[in-house]
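These are my notebook entries on a structure that I went through one topic at a time. I began with a nonpolar patch on the surface, then turned to salt bridges and pockets.

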Amino acid sequence: VEKNDLVIRDLGYWKVDSLKAINDKGAYFLSRLRNNVKLYTSDNQLFNLVKYLKNQDKKKIKSIELNLEIGGKKKLKVRIIGQKMNTEQYVKRIKQAKNSRHKNSKISDKTMYLLNWSLLITNIEKKVLSQTDAYSLYGLRWEIEMFFKNWKSNYKIHKLLISPKGTDPLKPEILMY
């Protein structure tokens with residue numbers, strides 16, 4: 001990662017330390033928010049996201065933006081972006097969550113509630129990246145993932161990466177061209 005790069009991360013690679021490393025290099029990250037991450041206010045008070053979102057629900061507010069901090073002793077300032085899911089999206093998310101778990105594993109009340117919201121985390125300021133653009137960019141992550149999955153499955157890209165005399169970084173580019 002180099003300065004001014006944008007890393008769009010999925011939850012499988014989500015770690016506070018890796019987000020800090022991206023930030024420390026002067027690069028940017030955009031990811032979904034993990035349900036189990038601890039959030040803090042600027043005065044180091046633990047922030048109860050579920051309580052906050054339930055309060056927004058009572059007010060019929062459908063989107064949020066928060067500036068909070070994550071991490072242990074050394075905190076990382078982040079921007080939380082959230083959009084309330086519609087009923088159809090929420091039902092779909094519950095079904096996916098249940099299918100991705102062991103049949104005897106219970107989904108916590110907190111997780112069930114948070115499935116109501118699409119929550120992103122970034123270190124990009126609002127004046128640089130709007131909420132709408134953040135969701136559009138994050139949507140591209142899935143497109144990119146499907147693109148590479150297609151290459152891997154249909155074009156056997158892993159075989160292209162290995163030449164008879166070892167790894168040659170130009171071989172895949174030449175063969176794809």
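**Entry 1: a nonpolar patch.** I looked up F147 and found that F147 sits in helix 5, in a model that is predicted. I then asked how covered F147 is, and with a relative accessible area of 43% F147 comes out as partly exposed, because buried would need a value under 20% and exposed a value over 50%. L140 also belongs to helix 5, and with a relative accessible area of 42% L140 is partly exposed. Together with I144 and F148, these two residues, L140 and F147, make a nonpolar surface patch of about 390 Å². I also noted that L140 lies 8.8 Å from I8, C-alpha to C-alpha, although 132 residues separate them in sequence.

**Entry 2: salt bridges.** Side chains of opposite charge can pair when their charged atoms come close. How many salt bridges are there? I noted a count of 6 salt bridges. One of them joins R79 to E65, with 2.8 Å between the closest N and O atoms. R79 lies in strand 6 and E65 in strand 5, so this pair ties together parts that are 14 residues apart in sequence. R79 is buried, at 4% relative accessibility, whereas E65 is partly exposed, at 27%.

A further salt bridge pairs E125 with K127, where the closest N and O atoms are 3.6 Å apart. Here E125 is partly exposed at 47% relative accessibility, and K127 is exposed, with a relative accessible area of 73%.

Back in helix 5, R141 and E145 are 4 residues apart, about one turn of the helix, and their side chains meet in a salt bridge of 2.5 Å, N to O. R141 is buried at 14%, while E145 is partly exposed at 31%. D10 joins R141 and E145 in a network of salt bridges.

**Entry 3: pockets.** The largest pocket holds about 990 Å³ of space, and among its 25 lining residues L11, R32, R93, Q96 and L115 are the closest to its centre. Which element gives the most to this lining? I found that helix 3 does, with 5 residues. By class, the lining of the largest pocket has 11 nonpolar, 9 polar and 5 charged residues.

The second largest pocket has a volume of about 240 Å³, and its lining includes D10, R141 and E145, the residues I had just noted as a salt-bridge network. Helix 5 gives the most to this second lining, with 5 residues, and the classes there are 3 nonpolar, 2 polar and 4 charged.

How values were computed
Residues are numbered from 1 along each chain as its sequence is written. This is a predicted model: local features need pLDDT of at least 70, side-chain atom pairs count only at pLDDT 80 or more; totals for chains, interfaces and linings use all residues. Side-chain values use heavy atoms; hydrogens and water are left out. On a 1 Å grid over the protein atoms alone, a cavity is a set of points where a 1.4 Å probe fits but cannot get out, and a pocket is an open set with protein on both sides within 12 Å along at least five of seven lines; lining residues have an atom within 4 Å of a point. Grid points are joined across faces, edges and corners, and a volume is the space filled by probe spheres set on the points. Helices (H or I, at least four residues) and strands (E, at least two) are DSSP runs, numbered from the N terminus. Ala, Val, Leu, Ile, Met, Phe, Trp, Tyr, Cys and Pro count as nonpolar, Asp, Glu, Lys and Arg as charged, and the others, Gly among them, as polar. Patches are made of residues with over 30% relative accessible area and no salt bridge: like charges are joined within 9 Å, nonpolar side chains (Val, Leu, Ile, Met, Phe, Trp, Tyr) within 5 Å. Accessible areas come from the Shrake-Rupley method with a 1.4 Å probe; for residues, only the protein chains shown count as cover. A salt bridge is a side-chain nitrogen of Lys or Arg within 4 Å of a carboxyl oxygen of Asp or Glu. Buried means under 20% relative accessible area, exposed over 50%, partly exposed in between (1.4 Å probe, protein chains only).
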